[in-house]
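Q: Please take a close look at the surroundings of the ligand. Which residues lie around the ligand, and which polar contacts does the ligand make?

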Amino acid sequence: MSIAENIHKIKSKIPENVTLVAVTKTKPVELIKEAYKAGHKIFGENKVQEMMDKKDLLPGDIQWHLIGHLQSNKVKFIAPFVSLIHSIDSLKLLKEVDKQAEKNKRIIKVLLQVHIAKEETKFGFSMEEIAELVQSEEFKSLKHIKVAGLMGMATFTENEAIVRSEFSSLKALFEQIKALMPEGFKEVSMGMSGDYKIAIEEGSTMVRVGSALFGSR
Ligand SMILES: *Cc1c(COP(=O)(O)O)cnc(C)c1O
């Protein structure tokens, strides 16, 4: 199947109110051009350098989402153009994004990454830390970021019940935090190629799909 066909196929499987982030990490620019020609404009990359390299070769109206772990010292490179950062995993990083956003006279939209999986290696805040963070004075003083929601990754397992319960707990946390947040806190970024259907059933508003669109890496 062509990229255009894949895009249309996945889009037909997700509700209209769920945003599809096409994850293009490791994939060549030609492939992104095909998806763009098929009408898709939201792309996710997990590395700063790769995103910058690709951005320069592609149309300016693409919305670039950073979905992978972000080091504070690299924020300055993406601050001028990044559309959404899914992977905020520390207050230090959030403060750096705020600082670089101000320098660029922008308000940068971000999601707070929550550690929902059993695995040790995944980045993110714990469930408990999120409420504390958003109620802290330091957090509230950041004026150049817009926290648009939460992001999480489920455990990499065939066991659907585990994945479902992790997504369900992220959605529940989202509802709890939403009550503490101003307007615009509305996204739950969860679901990848292997589990986006479950994620949508559990209330995802944004799925990050790579291999199901562009083939395995
Ligand atoms: C690679 C990646 C994805 C997409 O994974 P697929 O299984 O290829 O769909 C989604 N989210 C993050 C954070 C990723 O790094």
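A: The following account describes the ligand and the residues around it.

This is a predicted model, in which local features need pLDDT of at least 70 and side-chain atom pairs count only at pLDDT 80 or more, while totals for chains, interfaces and linings use all residues. Residues are numbered from 1 along each chain as its sequence is written, and side-chain values use heavy atoms, with hydrogens and water left out.

The ligand sits in the largest pocket. A pocket is an open set of points on a 1 Å grid over the protein atoms alone, where a 1.4 Å probe fits, with protein on both sides within 12 Å along at least five of seven lines; a molecule sits in it if more than half of its atoms lie within 2 Å of its grid points.

Around the ligand, with a heavy atom within 4 Å of it, are Val23, Lys25, Ile67, Met153, Met192, Ser193, Arg208, Val209, Gly210, Ser211 and Arg217. This shell comprises five nonpolar, three polar and three charged residues; Ala, Val, Leu, Ile, Met, Phe, Trp, Tyr, Cys and Pro count as nonpolar, Asp, Glu, Lys and Arg as charged, and the others, Gly among them, as polar.

Polar contacts are pairs of N or O atoms within 3.5 Å. The side chain of lysine 25 places an N or O atom 2.7 Å from a ligand oxygen, and a polar side-chain atom of serine 193 is 2.5 Å from an oxygen atom of the ligand. In arginine 208, a side-chain N or O atom lies 2.9 Å from a ligand nitrogen. Of the 390 Å² that the ligand exposes when taken alone, the protein buries 90%, with areas from the Shrake-Rupley method and a 1.4 Å probe.

Methods
A polar contact is a pair of N or O atoms within 3.5 Å; within protein, one must be able to donate a hydrogen and the other to accept it, and residues adjacent in sequence count only if both atoms are side-chain atoms. On a 1 Å grid over the protein atoms alone, a cavity is a set of points where a 1.4 Å probe fits but cannot get out, and a pocket is an open set with protein on both sides within 12 Å along at least five of seven lines; lining residues have an atom within 4 Å of a point.
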